[in-house]
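User: Please take one loop residue in the C-terminal half of the sequence and describe it closely. Then place it in the context of the rest of the chain, including the ligand shell and any annotated sites.

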Amino acid sequence: MKILNAAQTREADAYTIREEGISSTDLMERAAKAFTGWFENKFQPGAEVHIFCGPGNNGGDGLAVARLLHERKYKVQPYVVGDTSRASDDFKVNLKRLPPELPPSHVEQENALPELKGDVLVVDALFGTGLNRPVTGLYGQVIEKLNSSGATITAIDIPSGLFSDSQTPEEGAIIRATYTVSFELPKLAFLLPQHERFVGSWQVVPIGLSQQFIAKVKSNFYCTRQEAIQRLLKPRKKFSHKGTYGHALLLCGSYGKMGAAVLASRACLRSGTGLLTVQVPQAGYPILQTAVPEAMTLTDKNRKHLSELPPELEKYSVVGIGPGIGTERVTKTAIGQLLATSSRPMVLDADAINLIAASEKLKGQLYQKELIFTPHPKEFERLVGKVKNDYDRLQHLREFCMEYGCYVVLKGGHTAIGTPEGKVYFNTTGNPGLATGGTGDVLTGIITALVGQHYTLEEACRLGVFIHGLAADLALQTVGEIGMTASDVIDHLPKAFLHLSQPQR
Ligand SMILES: NC(=O)C1=CN([C@@H]2O[C@H](COP(=O)(O)OP(=O)(O)OC[C@H]3O[C@@H](n4cnc5c(N)ncnc54)[C@H](O)[C@@H]3O)[C@@H](O)[C@H]2O)[C@@H](O)CC1
Ligand SMILES: [K+]
């Protein structure tokens, strides 16, 4: 699913209106109906709903929603905030359409606002994608008052005051919504962790915007949907054998962190690798052989740390390196040798990233290779330097991928996958249960297995991240978020693959 910026969203609205030969008021009515449909599923009729409308089309939506919810027996109170003498045409049309028994309250100063109780519902229709400056003055005061009321706030399209595709200036007030119901496509702002407290839980409702326009318009940002992932999944062939599905090599573990090697190995095997060889320091030999009998185990000459590469590196289809390896000098040397000698695609995680980040020499060896990095935000900052905010992080992500021609899987609530073309794919599966040690090792194992099975690097990243999150979502149903461990995620990988390979209703 493509993510459009505010200007492109306006163009999509205008294109749809032209193409379908409808009026903009008709499109607004569709949007209001879509929102109302969502609202009815969430909240019972009879509830007290206070709807705050600004001067633009977002306010117009709010007025249309007020009328529709009133028809559906909610106790509605619309408010028109500020000077609306220059309000948009569709706002004015919908103001006139309010039935006589539903007169709006005019809020021209802050003290004209009623005291709202915490148990009422608020609909925020002050500003949408037409916001062009930070919200201050009366609108800012209204936003602050709504935020401190304790009421459940549902934002129409986007929380008022939040810029949809760029950093919101600090001085601007922003609605803190419990729910945000957006039209057709998500906004970039929803996918960034810094906005969680404003956006709350977000959903998208379709309003029939032109798919032709959306397909044509250029964007660097995408949200991954299940249908797209299902199309990537390759079924197994009847006459295939273990050689068909790649021979993965994992270089993982150190003394005290052999669990990382076990987790990555088990995840790799549960993600369909044909063969798996794991190289661990000597101390890990009995652990690996016992915990993961399906894997072949090689041992390093060093007892505690990785210090050398296995012979015949080229016989492996992919190399995954990093989980639990530590940052010893000998390990750094081995990574340098790997980058210098292997022509195979590589998945680099954890301390492999930290070692590379700390060495200009290793960084210089990254060019002209097939590489996937899987950092969490702190590891990413070690690679690219301190970032100012989430937009800045995205910009660094794109620049790093374009510079080195690599993929970066930047882990988070909506994991962002950067590509060498400067595109970013946001993932849509997963839950906070994943915020526990070892789940990153699992992801490395999954992506390594997929690259070995001849998925392109981009496919392996997108499918890998999606399936990792999906396994966690399936685990959620039995173990919940708090009790979830990395092993639970591995245990649910088969179900997740099964789920993806079955046609969805
Ligand atoms: N264009 C269309 O056909 C549709 C638009 N829709 C709704 O329309 C919204 C976009 O509407 P608009 O483009 O009219 O924009 P908004 O409703 O977001 O508001 C724009 C108005 O607010 C003023 N404004 C902007 N920032 C301000 C600030 N910080 N303080 C005070 N005033 C400020 C602008 O000067 C303008 O008058 C969408 O978010 C969506 O809710 C939907 O009805 C779907 C169809
Ligand atoms: K809004």
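Analyst: Position of R303

R303 is found in the loop that joins β11 (296-299) to β12 (318-321). The model is a predicted one, and everything below should be read in that light.

How buried or exposed is R303? The residue is partly exposed, because 14 other C-beta atoms lie within 10 Å of its own, and this class falls between the limits of 12 or fewer for exposed and 20 or more for buried. Once neighbours within four places in sequence are set aside, the contacts of R303 are with P281, Q282 and A283. A358 follows 55 residues along the chain from R303, and the C-alpha atoms of the two are 24 Å apart.

The annotated domain

An unreviewed UniProt entry places the feature "domain: YjeF C-terminal" at residues 225-500. Over this range, helix accounts for 46% of the chain and strand for 13%. The C-alpha atoms at the two ends of the range are separated by 12 Å.

Two other loop residues can be set beside R303 for their backbone angles. Q368 is in the loop between α13 (360-364) and β14 (371-374). Its phi is positive, about 60 degrees, although Q368 is not a glycine. Q368 is exposed, since its C-beta atom has 9 others within 10 Å. H454 belongs to the loop between α16 (439-452) and α17 (457-479), and its phi, near 70 degrees, is again a positive value in a residue other than glycine. H454 is partly exposed, with 14 other C-beta atoms within 10 Å. What makes such angles worth noting is that most residues other than glycine have a negative phi.

The annotated binding-site residues

Elsewhere in the chain, the UniProt annotation "binding site", also from an unreviewed entry, covers N58, D124 and S160. These residues are spread over 103 residues of sequence, yet they cluster in space, with a largest C-alpha distance of 9.2 Å.

D124 is part of strand β4 (residues 121-125). D124 is buried, because 31 other C-beta atoms lie within 10 Å of its own. Beyond residues up to four places away in sequence, D124 touches a set that includes F52, L146 and I153. T154, A155 and I156 are also among its contacts, as are P159 and S160. I175 and A177 are touched by D124 as well.

S160 is in the loop between β5 (152-156) and β6 (179-183). S160 is buried too, with 31 other C-beta atoms within 10 Å. Leaving out residues up to four places away in sequence, S160 touches G54, D124, L126 and F127, among others. Its other contacts include V135, I143, A155 and I175. The annotated pair D124 and S160 are therefore in contact, with D124 listing S160 among its neighbours and S160 listing D124, because the C-beta atoms of two residues in contact lie within 7 Å.

The ligand shell and helix α4

Which residues come nearest to ligand 1? Out of the 26 residues around it, these are G56, N57, N58, G128 and G130. N58 thus appears here and also under the "binding site" annotation. The elements contributing two or more residues to the shell are α2 and α3. By residue type, the shell is made up of 11 nonpolar, 11 polar and four charged residues.

α2 (24-42) and α3 (57-71) have a second role in the packing, being part of what covers the buried residues of α4. Helix α4 runs over residues 89-96, and its buried residues are D90, F91 and N94. These residues lie on the same side of α4, because they cover an arc of only 105 degrees around its axis. D89 and K96 are exposed, and they sit on the face of α4 turned away from the buried side.

The chain as a whole

The protein chain has 19 helices and 17 strands. Its radius of gyration is 26 Å, close to the 23 Å that the globule rule gives for 505 residues, so the chain is as compact as a globular protein of that length. The C-alpha trace spans about 85 × 50 × 45 Å along the principal axes. Buried residues make up 49% of the 505. Among contacts between residues at least 6 apart in sequence, 73% join residues at least 24 apart.

Technical notes. Residues numbered from 1 in each chain as written. Chains lettered and ligands numbered in written order. Predicted model: local features only at pLDDT ≥ 70, side-chain atom pairs only at ≥ 80, totals over all residues. Helix = DSSP H or I, 4+ residues; strand = E, 2+ residues; numbered from the N terminus. Arc of directions from axis to C-beta. Near = placed C-beta within 6 Å. Nonpolar A, V, L, I, M, F, W, Y, C, P; charged D, E, K, R; others polar. Rg over C-alpha atoms; globule rule 2.2 N^0.38 Å. UniProt positions renumbered as here; feature names shortened; annotations may be inferred.
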